[in-house]
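Reader: I've got a protein model open and a pile of terms I only half understand. Could you go through them with me?

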Amino acid sequence: MVALSMVLGFLLALSRGERALDTKTQSPGKAAEWGDPRLSLLGSCQPAPSCKQCILSHPSCAWCKQLNFTASGEAEERRCAGREELLARGCPVEELEEPRGRREVLEDRPFSQGMRGGQGTVQLAPQRVRVTLRPGEAQRFRVRFLRAEGYPVDLYYLMDLSYSMKDDLEHVRQLGHDLLLRLQEVTHSVRIGFGSFVDKTVLPFVSTVPSKLRHPCPTRLEPCQPPFSFHHVLPLTSEAKVFEREVGLQNVSGNLDSPEGGFDALLQAAVCQEQIGWRNVSRLLVFTSDDIFHTAGDGKLGGIFRPSDGRCHLDSNGLYSRSTEFDYPSVGQVAQALSAANIQPIFAVTSATLPVYQELSKLIPKSTVGELSENSSNVLQLIMDAYNSLSSTVTLKHVSPLPGVNISYMSQCGGPQQGEAGDQGQCDNVRINQTVDFWVTLQTTHCFEKPQFLKLRALGFSEELTVELVTLCDCNCSDVQPQAPHCSDGQGRLQCGVCSCAPGRRGRLCECSEAEMSSPDLESGCRDPNGTGPLCSGKGRCQCGRCRCSGQSSGRLCECDDASCERHEGLLCGGFGRCQCGVCQCWGNHTGRACECSGAVDSCTSPSGDQCSGHGYCKCNRCHCHRGYYGALCDQCLGCETPCERHRACAECGVFGTGPLATNCSLACAHVNVTLALTPVLVVGWCKERTVDNQPFFLLVEEAGGSVRLRVKLQEKGADYTQAIVLGCVGGIVAVGLGLVLAYRVSVEIYDRREFSRFEKEQQQLSWKQDNNPLYKSAVTTTINPCFQGAVCPTP
């Protein structure tokens with residue numbers, strides 16, 4: 001039990017560790033990146049010096065390649081902005097460079113049930129997709145899966161043959177025929193194979209005494225085979241008689257410690273695919289044992305220090321020949337090998353070890369655990385239940401991640417609703433010939449020099465979807481000119497509307513040389529007329545006698561700052577305008593220094609259609625009430641009657657026929673429509689009123705277009721339980737008091753009786769002591785002389 005708890009704790013810790021590792025990106029190859037290797041995609045679009053850097057900075061950025069788009073002194077970085085901003089600044093739509101990702105289906109074969117052996121079966125569509133991604137921009141595509149009927153199955157039975165599994169072997173010897181019959185009910189093609197394991201043949205796992213190596217079982221008379229690590233007995237076959245014959249020749253063996261060498265067997269069964277005979281179909285591996293397993297590091301107890309190399313080492317007899325050279329594999333190695341081979345393990349274990357294997361199953365994709373009876377009598381039903389569970393569960397997952405690529409899945413399992421996004425897509429209880437959809441979302445923060453390939457697989461099935469990933473990390477400007485006339489008659493290269501000057505040339509249009517840059521005469525064009533102050537107002541550089549502003553600055557001397565406008569609710573110009581030289585240029589009907597004032601009046605209009613109820617004026621879509629009025633629509637005032645108070649009399653006479661308007665209700669309330677509501681009061685706006693005879697009711701006033709509608713709801717009368725409550729409370733108090741007094745008297749009576757009984761016992765003990773204890777008798781002995789009692793005594 002100590003070993004069992006240690007293994008269980010180890011698996012829990014390993015489970016938490018591997019889940020943390022799953023969140024990190026594993027790199028299968030080197031990616032070529034431009035700029036920062038981890039592109040920052042937070043925030044909004046910011047100016048950038050080139051088109052390439054612009055589109056890499058944020059997915060919302062666009063670049064205007066129009067010639068002379070930027071004003072004099074304005075930085076070319078201002079070409080980089082959001083699409084709406086560039087259009088507002090006058091950039092034509094055709095001059096916008098805004099690359100966007102796309103999806104292309106390269107291969108989409110229709111679903112097919114295929115042939116009897118599984119050839120030609122198509123369950124996953126499409127089969128090949130090309131996705132072009134711009135860094136930071138997500139692309140989404142659909143993957144469909146149709147569960148085919150009678151999909152072929154390969155099942156490999158891997159059994160623990162330690163001595164404690166002796167009674168289980170008898171049932172497994174007769175398993176082949178029944179197992180094939182049951183599987184043939186659900187699939188057209190099935191094959192089964194057999195392998196066994198014990199443990200490494202070194203101390204302290206196995207006794208190395210020569211006689212024990214030959215016969216490790218407790219008694220010499222029973223059949224027993226020498227210990228071994230893993231023995232591949234029978235390749236996958238469709239012949240039940242061959243299975244029963246080979247398994248019938250097997251005998252149990254023995255080892256010393258409780259844990260078994262099952263991990264060695266699992267790894268060899270996964271990597272030795274040719275020897276096992278796995279086909280490209282559904283692969284099941286049934287692992288039966290009644291104890292826990294050794295894992296990486298345990299081999300050091302036997303002097304084995306070399307880690308498992310994860311390769312196949314079966315000799316011609318099917319034995320794991322190098323088990324004494326390599327340590328046991330780790331949980332991660334076993335999980336990786338089974339996943340790579342697309343094998344679905346079924347752990348059939350006894351109840352004592354069930355918690356350990358349940359934790360192990362969480363670390364191995366598409367695996368399940370079943371409770372095995374003490375003699376394996378239920379193994380057939382356990383296998384069928386596990387097969388039905390695994391085959392009806394469709395899990396879509398990528399085989400290996402790519403660096404900087406985020407992948408998420410949403411499952412649509414037969415209904416209109418989609419599940420939450422996760423690191424894999426999964427649909428349970430999928431029926432035969434039922435189609436389920438998975439929505440895959442890809443997003444990257446990296447640029448790849450060449451196309452990358454991603455494999456998506458429905459776990460447990462042989463088909464794969466290949467996704468070719470191409471990144472958009474540069475602009476595709478069509479105006480490239482090596483020696484452009486626009487750049488000072490060929491002094492530079494024109495690309496995306498910007499001049500890249502030849503060596504030795506400077507300026508926005510390459511209009512001056514480096515020698516002219518230091519001329520004092522040119523610097524005078526970058527200062528105020530009075531000659532004081534820094535060059536370009538300290539917000540740019542002087543090139544060729546002109547200021548080249550930085551950041552959001554503009555103007556001949558960079559005197560304008562297009563980021564210094566007022567903000568409203570944290571947004572520059574309230575998000576409803578553009579900052580130009582420190583002043584907000586508002587859009588639409590917005591006004592104000594920060595474009596905070598809207599010209600709309602919808603928030604000022606009352607239900608009757610009046611603005612501010614006629615008691616105020618609307619400014620910036622808010623009511624400013626006249627003196628004495630308040631409220632969002634200026635519909636309230638101090639001393640004014642509420643709508644309910646104004647129309648209470650009409651409601652009373654219309655429903656109850658009482659009140660001050662009872663005699664002329666039809667004339668006084670002709671403009672009012674009174675209805676009796678039967679539904680409960682659930683709407684905000686109801687008020688509680690009372691009639692002249694103090695009868696309560698609820699009233700809702702609805703005014704629209706000069707007409708008034710009154711809805712009245714009578715208060716439901718409930719039974720008067722006041723007297724019953726009072727009497728119940730009094731009776732309860734009296735009963736509790738009497739109960740407390742009675743309990744007190746009973747406890748005192750019991751206590752007195754116990755004390756009296758103890759007193760009587762002490763009296764009895766004291767009387768016995770006086771009669772029988774010699775300590776209570778006198779020490780003087782009195783002798784009576786018979787001569788004094790008249791007897792005849794002899795004379796001396």
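Author: What follows is a chat about how the labels on this predicted model are earned.

Author: Some ground rules: residues are numbered from 1 along each chain as its sequence is written. The model is predicted, so local features need pLDDT of at least 70 and side-chain atom pairs count only at pLDDT 80 or more, while totals for chains, interfaces and linings use all residues, and side-chain values use heavy atoms, with hydrogens and water left out.

Reader: What makes a stretch a helix or a strand here, and how many of each does the chain have?

Author: Both are DSSP runs, numbered from the N terminus: a helix is H or I with at least four residues, a strand is E with at least two. The chain has 17 helices and 41 strands.

Reader: How do you know what confidence the predictor has in the chain?

Author: Look at pLDDT, the predictor's confidence in each residue, from 0 to 100. The chain's mean is 83, and 88% of its residues reach 70 or more. Going element by element, helix 8 (residues 262-271) has the highest mean, 95, and helix 1 (residues 2-22) the lowest, 49. Over residues 18-42 the pLDDT is below 50, yet this stretch has 45 contacts in the model beyond near neighbours in sequence. A contact, by the way, means heavy atoms within 4.5 Å. Where pLDDT is low, the predicted coordinates should not be read in detail.

Reader: Why is Arg79 called buried or exposed?

Author: Buried means under 20% relative accessible area, exposed means over 50%, and partly exposed is in between (1.4 Å probe, protein chains only). Arg79 has 0%, which is why it counts as buried. Arg79 sits in the loop between strand 1 (61-64) and strand 2 (80-82). Its side chain reaches the backbone oxygen of Cys64 at 2.7 Å.

Reader: And what about Glu449, buried or exposed?

Author: Glu449 comes out at 65%, so it counts as exposed. Glu449 belongs to the loop between strand 17 (435-444) and strand 18 (452-458). Its C-alpha atom is 9.4 Å from that of Cys473, a residue 24 positions away along the chain.

Reader: What label does Gln46 get, and why?

Author: Its relative accessible area is 46%, so Gln46 is partly exposed. You'll find Gln46 in the loop between helix 1 and helix 2 (51-57). Leaving out residues up to four places away in sequence, Gln46 touches Ser57, Cys61 and Cys80. The C-alpha atoms of Gln46 and Ala81 are 6.4 Å apart, although 35 residues separate them along the chain.

Reader: How much of the chain counts as buried?

Author: 41% of its 796 residues do.

Reader: How do you know that the span of helix 12 agrees with what it should be?

Author: The expected span is 1.5 Å times one less than the number of residues. Helix 12 (residues 379-391) has 13 residues, so it should span 18 Å, and its end C-alpha atoms are 18 Å apart, which agrees. Among its buried residues are Val379, Leu382, Met384 and Tyr387. The cover over the buried ones includes strand 8 (153-160), helix 5 (175-184) and strand 11 (282-289).

Reader: Why do the buried residues of helix 7 line one face?

Author: Those residues are Ala240, Phe243 and Val247, in a helix covering residues 240-248. The arc is that of the directions from the helix axis to the C-beta atoms. Here the buried residues fall within 60°, so they line one face of helix 7. What covers them includes helix 4 (166-172), helix 5, strand 9 (190-197) and strand 10 (230-237).

Reader: Which peptide bonds before prolines are cis?

Author: Two to look at: the bond from Ala125 to Pro126 is cis, with omega near -5°, and so is the one joining Leu203 and Pro204, with omega about 5°. Pro126 lies in the loop between strand 5 (124-125) and strand 6 (128-133), and Pro204 in the loop between strand 9 and helix 6 (210-214).

Reader: What is worth noting about the phi of Ser488?

Author: Ser488 is not a glycine, yet its phi is positive, about 55°. At 24% relative accessibility, Ser488 counts as partly exposed. Cys620 also has a positive phi of about 55° without being a glycine. With 28%, Cys620 counts as partly exposed too.

Note on methods:
A polar contact is a pair of N or O atoms within 3.5 Å; within protein, one must be able to donate a hydrogen and the other to accept it, and residues adjacent in sequence count only if both atoms are side-chain atoms.
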